[in-house]
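Colleague: I have a new fold on my screen. Could you walk me through it?

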Amino acid sequence: MENRIYFRQLLSGRDFATDNPIAQQMVNFVYIIGDRETGEAMLVDPAYEVHELLEILEAEGLRLTGVLATHWHPDHVGGDLMGYPIDGIKELTGMTSVAAPVHIQKPEVEWITRTTGVSVSDLVAHESGDKVMVGDIPVTLIHTPGHTPGSQCFLVDGRLVAGDTLFLDGCGRTDLPGADPDDMYESLTQRLAIVPDSAVLYPGHLYSPESSAKMGDTRQRNYVFKIPSLEQWRMMMGGSF
Ligand SMILES: [Fe+2]
């Protein structure tokens, strides 16, 4: 599997969309997950200059067969970000000649259609635990509500692509529309408990000096794993984090 999987982390404003000031400011990570043997690939959270992402795939001999979206926020899937238009899955679906459905969790359907303008027929609404195949490589979808109702993480070959659910330091905000601090606590402490310490965490933004870290180290260092009860979590988050 290790030789077969193509996995790449791309930073917005540095590795692509280098002239886009919003991309530079937001420091989003986009991921490519591919099967080198079949040439199939999916993009995780394509946003900003999505045509550049397609060019990168093409240069690597990969073709897009789908999109994996962690959550509905415009810096991850495109849409209007505080008055700034960001390209994303809507523009991407118009650029590809082959069908590249967008895989999301069910509770995120209404949010993603509203934010991006894609139609429901472009989406595949999943349950937690579903597997999406990229060629012969299985990606397990883990529903981790909290940052948004349908936030999800992707577990693929010992890697956790976590979107804004979990960063190396801290977790995603729980004070935005659709967010829920209680759900976030359950997601971090219970739903992500199936992820082994040996897995490598790949977050949705570059908010730490390092761009990835072992889950075991993250569980040791990240304060979100040091809060022993939901009551203390509520006091700390206070809805304003
Ligand atoms: Fe977000």
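Modeller: Gladly! This is a predicted model, in which local features need pLDDT of at least 70, side-chain atom pairs count only at pLDDT 80 or more, and totals for chains, interfaces and linings use all residues. Residues are numbered from 1 along each chain as its sequence is written.

Colleague: What share of contacts between residues at least 6 apart in sequence join residues at least 24 apart?

Modeller: Two residues are in contact if their C-beta atoms, placed from the backbone, lie within 7 Å. Among such pairs at least 6 apart in the chain, those at least 24 apart make up 61%.

Colleague: How many of the 241 residues, as a percentage, are buried?

Modeller: A residue is buried if 20 or more other C-beta atoms, placed from the backbone, lie within 10 Å of its own. Of the 241 residues in the chain, the buried part is 49%.

Colleague: Which strands form the edges of the open sheet of 6 strands?

Modeller: Strands are DSSP runs (E, at least two residues), numbered from the N terminus, and two of them pair if DSSP finds at least two bridges between them. The sheet has mixed pairing and runs in the order 1-2-3-4-7-8. Pairing on one side only marks its edges, strand 1 (5-11) and strand 8 (123-126).

Colleague: In which sense do strand 4 and strand 7 pair?

Modeller: Strands of a sheet pair through backbone hydrogen bonds, either parallel or antiparallel. Leu68 has His103 in strand 7 as its bridge partner. Over 2 bridges, residues 63-68 of strand 4 and residues 102-105 of strand 7 pair in the sense called parallel.

Technical notes: Buried ≥ 20, exposed ≤ 12 C-beta atoms within 10 Å, placed from the backbone. Helix = DSSP H or I, 4+ residues; strand = E, 2+ residues; numbered from the N terminus.
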